[in-house]
Amino acid sequence: KTLIIVEAGLIAFTTFSAMAVGVLPYTIFQFGVGFFIGGGIPPVIMLLIEVVPEKWVVQAFALRAALRATGILYALAIEAIFPSFGMSWYHVLLGINLLNFPAIVAVCLTDDSPRYYIANGEQDKALEVLQSMEKLNIICV
């Protein structure tokens, strides 16, 4: 699953950034963080378009944007609070990194898109996913 790889890479590079000694390793690891963040956007958008019922797509995108903004605010709050407790940037980055674990759990619980299963010759699994989508969309497959 693409999203699991993206989340795992994001966690790994964020952790490596926290443990980097020097500007060059930190910069290289932060490039990896940016790479995996950028790599996660297209699969998330495609998953929302294919899996979320059509009548809820706008709300799903709004919720995604709100959760992302909340996560950014949470990260900024952690950055502001941790140093006052005598904690280093290492602790700040690891604290922010903990936010990725729920995303991995959510991705593991989500089915791939029916197109993915059909492209890989798994028509039965694609039909199961379509039937679960049918219940949410209230349409017949």
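**Notebook: rings, helices and contacts**

I started with Phe13, which counts as partly exposed because its relative accessibility is 24%. The model I am reading is a predicted one.

**Entry on the aromatic rings**

I looked up how many aromatic pairs there are, and the count comes to three. One of them joins Phe13 and Phe16. Their ring centres are 6.2 Å apart and the planes make an angle of 80 degrees, so I noted the pair as edge-to-face, the term for angles over 60 degrees. Where do Phe13 and Phe16 lie? Both belong to helix α1, which covers residues 2-19. Three residues separate them along the chain, about one turn of the helix. I added the general reason to the margin: an α-helix has 3.6 residues a turn, so residues three or four places apart point the same way.

Is Phe16 buried, exposed or partly exposed? Its relative accessibility is 39%, so I put Phe16 down as partly exposed. Phe16 has a second ring partner, Phe29, and this pair is tilted. Here the centres are 5.4 Å apart, with 45 degrees between the planes. I then checked where the two rings of this pair sit: Phe16 is in helix α1 and Phe29 is in helix α2. They are 13 residues apart, and the pair links distant parts of the chain. Phe29 has a relative accessibility of 23% and therefore counts as partly exposed. I closed this entry by noting that ring pairs join Phe13, Phe16 and Phe29 into a cluster.

**Entry on the whole chain**

I counted secondary structure next and found seven helices and zero strands. Along the sequence the pattern reads α-α-α-α-α-α-α. The protein chain has 141 residues, and 26% of them are buried. I wrote down an accessible surface of about 9,300 Å², with 73% of it belonging to carbon and sulfur atoms. Among contacts with a separation of 6 or more, 53% are between residues 24 or more positions apart.

**Entry on helix α2**

Helix α2 runs over residues 23-51, which makes 29 residues. How far apart should its ends be? At 1.5 Å a residue, I expected a span of 42 Å. The end C-alpha atoms are 42 Å apart, so the expected span and the model agree. I also listed the buried residues of α2, which are Gly32, Val33, Phe36, Gly40, Pro43, Leu48 and Glu50.

**Entry on two contacts across the sequence**

Which residues does Ile104 touch beyond its neighbours within four places in sequence? I found Glu7, Ala8 and Ile11. Ile104 itself is in helix α5, residues 100-109. I also checked Ile104 against Ile4: the two are 100 residues apart along the chain, yet their C-alpha atoms are separated by 6.1 Å.

Leu94 was my next stop, in helix α4 (residues 89-97). With residues up to four places away left out, Leu94 touches Thr15 and Ala18. Leu94 and Thr15 are 79 residues apart in sequence, but their C-alpha atoms are 6.3 Å apart in space. I put Leu94 down as partly exposed because its relative accessibility is 26%.

**Entry on the salt bridge**

How many salt bridges does the whole structure hold? My search found one. The side chains of Glu128 and Lys125 meet in a salt bridge, with 3.9 Å from N to O. Both residues are in helix α7 (residues 123-137), three residues apart, so about one helical turn separates them. I checked the exposure of each partner as well. Glu128 has 47% relative accessibility and therefore counts as partly exposed. Lys125 is also partly exposed, with a relative accessible area of 28%.

**Entry on the surface**

Last, I looked for nonpolar side chains on the outside. Ile72, Leu73 and Leu76 form a nonpolar patch on the surface. Together they have about 300 Å² of accessible area. I looked up Leu73 on its own and placed it in helix α3, residues 57-81. Is Leu73 buried or exposed? I noted Leu73 as exposed, because 58% relative accessibility is above the cut-off of 50%.

Technical notes:
Residues are numbered from 1 along each chain as its sequence is written. This is a predicted model: local features need pLDDT of at least 70, side-chain atom pairs count only at pLDDT 80 or more; totals for chains, interfaces and linings use all residues. Side-chain values use heavy atoms; hydrogens and water are left out. Helices (H or I, at least four residues) and strands (E, at least two) are DSSP runs, numbered from the N terminus. Buried means under 20% relative accessible area, exposed over 50%, partly exposed in between (1.4 Å probe, protein chains only). Contact means heavy atoms within 4.5 Å. Accessible areas come from the Shrake-Rupley method with a 1.4 Å probe; for residues, only the protein chains shown count as cover. The expected span of a helix is 1.5 Å times one less than its number of residues. A salt bridge is a side-chain nitrogen of Lys or Arg within 4 Å of a carboxyl oxygen of Asp or Glu. Patches are made of residues with over 30% relative accessible area and no salt bridge: like charges are joined within 9 Å, nonpolar side chains (Val, Leu, Ile, Met, Phe, Trp, Tyr) within 5 Å. Rings of Phe, Tyr and Trp (its six-membered ring) pair if their centres lie within 6.5 Å; planes under 30 degrees apart count as stacked, over 60 as edge-to-face and the rest as tilted.
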